[in-house]
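This briefing gathers a set of local and long-range features for a reader who has the sequence and the coordinates at hand. Please read the points below alongside the structure.

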Amino acid sequence: MFKNKLLTGVSLALLSIAAPSIAWAEDCTGQTSIGPLGGGDCTIDEDTTGALLIEDTGTLTIDTSANVTINHTIDSTTNISFGTITTNGDGFETIQNAAIGGTNPLDVINISGTDTWTANANITTDNNGGDINLADGLAGGTLNLNNGLTYTGEIDADTTDTVNIGADLAGTTITGVGAIQGATVNLLSGTFVAQTQLGSIVPITALNIADGTTMDLQGGAAISGALDLDGTVYIGSTGTVTADTYTGNDGDAANIRVGISQAGASVITGGIQIASGGPVDYSGDTLSFLIELGSEVIGDGTTTVTDFFVGNGGATLMPTVVDDSFLYDFSVAQDGSNNLDLTITRQDLGQATTTATNLLSAQVLLDELDVIDDATIEAIQFNLANASSSEEFNELLESTQPSLDQASFSVASFISDSTRTMMQQRMHRQRHERKIATAAALAPKEAVVQDAAATLNRMAPAAGDATTTIPGYYPIVKQDGKYVVPNKTRELALRRYKALKTPTKRDDRALKRQNSIYTARTLSYDNKNYPYEDRPMEVWGEVFVGNGKQGRRDGIDGYKYNVAATTFGVDTSSFDRDTILGGFFTFADSEMDAGNANLTNMHMETYQLGFYGSHMLNSDHFIDGIVSIALNDLTSNRFNVGGSNYTAIGEYDGEFITIGGEYGKYWSGPYDLLLTPAFGFNYTRMDFEDYREKGAHGANLVVDSDATQRLWLGPSITASTHRAFENGVSFIPEANLSYSYNVIHDKATARAYYQAIDNDEDLTPNPVRYNGFDTQDHFVNFGFGANFATDKWNLLTHYNYQWKQDFDGHTASLKLNYNL
């Protein structure tokens, strides 16, 4: 006696610690814990006021003498799945608006008699048989499953009980993790995904699928009565729907979709078997097929599955077959008895693909990797098998390949061409300035020479008598019957003129002092001189932005790009007034977006170092040269690879080199016009680092890209003129035009294989060679701009347009330099 009291006291003490607000009431008033270690079993007959926990073998009874609403969660106290909920069978409704078993699952929910349980939130039990139980031997129990919930556990019912799915007509998706046994099942709205066979132990009484609804029977269904199908049903490849009768051709056309899979040498499909009431009439229905995820690839040739639909009482009336797979052809035929046979034929891959690279990918994915244990590759195979059109099928293949649109090479070329054009324009302007500066440096002497020439011209015979002096002419005498300037006077004038025309060291010193490449200031049209200084070095900077678009070419989608760049440089003519030497550094940030199936995005950072020079061979001819190397840091993102929703990320480097030169001549025209025709070459080459993608699991590629190179040859011409104003500002407008032809027809090529092959010990990597589109061999470049200069500062704006076949690009630049 004492011992029992002591234990009772200890229990009460522990209970007071665990739940200090417990009220011992049969109606659960104030009670938060139910069961032998809580407040004991209890009954509620009104709406809940707070969350409840069920201990151990505790039972919560719902008195359905009136409707009760559960607005708060009910859980077991541990994950051992304690606790029972039972309705008392008075025929009223329990409305569940909060999750049951969401934290720790319950053992069982008993829905008694003619009670109705309407679930609008998830139900989680231990899924160990008899979890949601209407099977009490009493007729008329109802379970309504609504509001997009998921139930976990087996639903057991009597043949007179009903399970309504989507009874709220909200059109949501209900998921069942557990079988339904015995009841009549009605799908009234939305979608029901049954992950377990319906009627797996006790056949359900009937299955009614309403018009506009969809039922996913992954494991099939066993029905003791009628299958009434007015909506859409999917039957998985391992499932069969068996029923006594079929209600067909009743005015509401059914859509039947059957899963297909291959395992080893066998192809299996879902099906329907109707036992009686035949002939079975599917004539008002449609039938389509789905190659299932995880299936091995169904290979070349024709496969026949016999008796996948079984009828009775005569030849089954065939449904309309909807073949929505591009790769596979499905045909259904009566087999001469009551049943239907299915024939599956795969297209020839050469005819199914639109490009050679797509054929290579298809051969790898559908033939070489037809049996592979990699979820991502299987997902891609699933998408290819069920693609509905040639376009979709080929875009999926394209999205599994390395980028072949040459975007990185083209944009690196664009940056290189832009900087090369800058250097050419720069050296042209410097030659123009040198030409003007030369004239300015020799202007004082030229004035003396011109005066000597005028003096010489005035020493000509004159009319009149010997004593007459004509103003502006030298005195004349009569000599040998003619009036002339004395011979000695003419001889001295001619000697002086010739001496002045001959270059001297003094002239060279004047040119060296004043003919700097930075001397943009020169004579204005009123022949006023401005002072010059010897400037041995110039530091300059230029920013430019560009964008362009590559169109679709040879079946390969193009891309768009945007570039922002900054260039700094320095040059000098200190060593030789006929030679300009300089160096520059460019940083560019580029973004490229492909138009292919997975909308590949590429980001590139470019670090370019280069040197340039120009040498005057004589007063009119010159040679220019440039060499540069650019390190490109690339990151590519291939989105939704093969339709898998995975992104393959590649990170790698590329080295881009440029070697160019030109030979030209400049020609001076009126109004300080300077034309510079030239002929040049430009060699470019880009080498890529091998890389391994990440992010797309087995569909990641291991890529080895080949070097890409071009050699451009062609003419160019640059024109500029000069205006100098008395306020010290010079204005130099200019324009350039060039054409080049590429003589190295070098496609972009790469070898790649899927990383899933590395993970399969039975497979050996065999990289596939992929080819890009044909080279674009014609290149036109046109630009114009203006240069504004003072004695120290120089501001240049310029626009440039580039054209190649299916490609055009634009560049706008702004340059500022300061004369040291």
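Helices (H or I, at least four residues) and strands (E, at least two) are taken here as DSSP runs, numbered from the N terminus. On that numbering, N640 lies in the loop between β42 (621-638) and β43 (648-665). The model is a predicted one, and the points that follow cover a parallel sheet, a helix pair, a buried tyrosine and some backbone geometry.

**The parallel sheet**

- Nine strands make up an open sheet, in the order β5-β8-β10-β13-β16-β19-β21-β24-β27, and their pairing is parallel.
- At the edges stand β5 and β27 (245-247), each of which pairs on one side only, and the twist from one strand to the next averages 10 degrees.
- Strand β8 (residues 93-96) is joined by three bridges to β5 (residues 68-70), with the two running parallel, and in this pairing T69 stands opposite I95 of β8.
- Four bridges join β8 to strand β10 (residues 116-119), again in parallel, and here T94 is the residue that stands opposite W117 of β10.
- In a regular strand the side chains alternate between the two faces of the sheet.
- In β8, T94 and Q96 belong to the covered face, whereas E93 and I95 belong to the uncovered one.

**Helices α3 and α5**

- The axes of helix α3 (residues 356-368) and helix α5 (residues 390-398) come within 9 Å of each other and cross at roughly 80 degrees.
- Because angles of 65 to 115 degrees count as roughly perpendicular, α3 and α5 are therefore described as roughly perpendicular to each other.
- On the α3 side the contact is made by N358, S361, A362, L365 and L366, and on the α5 side by F393, N394, L397 and E398; by class, this contact has five nonpolar, three polar and one charged residues.
- Within α5, the residues F393, N394, L396, L397 and E398 are buried, and the buried residues of this helix pack against α2 (349-352) and α4 (375-386) as well as against α3.

**Y770 and its surroundings**

- Y770, which lies in strand β52 (residues 768-771), has a relative accessibility of 2% and so counts as buried.
- Leaving aside residues up to four places away in sequence, Y770 touches T357, L360, S361, Q401, P402, L404, A748, T749, A750, A752 and Y754.
- One of these residues is P402, which is 368 residues from Y770 in sequence and yet 8.0 Å from Y770 in space, C-alpha to C-alpha.
- Another of them is S361, whose side chain makes a polar contact with the side chain of Y770 (3.4 Å); S361 also takes part in the contact of α3 with α5.

**Backbone geometry**

- Most residues other than glycine have a negative phi, and most peptide bonds are trans.
- The peptide bond from G278 to P279 is cis, with omega near 0 degrees, and P279 is placed in the loop between β30 (271-274) and β31 (286-291).
- D307, found in strand β32 (residues 302-310), is not a glycine but has a positive phi near 55 degrees; with a relative accessible area of 34%, D307 is partly exposed.
- N640, in the loop between β42 and β43, likewise has a positive phi, of about 50 degrees, although N640 is not a glycine.
- At 33% relative accessibility, N640 counts as partly exposed, because that class covers values between the limits for buried, under 20%, and exposed, over 50%.

Definitions and conventions:
Residues numbered from 1 in each chain as written. Predicted model: local features only at pLDDT ≥ 70, side-chain atom pairs only at ≥ 80, totals over all residues. Heavy atoms only, no water. Buried < 20%, exposed > 50% of the residue type's maximum accessible area, 1.4 Å probe, protein only. Pairing = 2+ DSSP bridges. Axes fitted to C-alpha atoms, helices over the stretch in contact; angles between N-to-C directions. Parallel < 35°, antiparallel > 145°, perpendicular 65-115°, else oblique. Contact = heavy atoms within 4.5 Å. Nonpolar A, V, L, I, M, F, W, Y, C, P; charged D, E, K, R; others polar. Polar contact = N/O pair within 3.5 Å; in protein donor to acceptor, adjacent residues only side chain to side chain.
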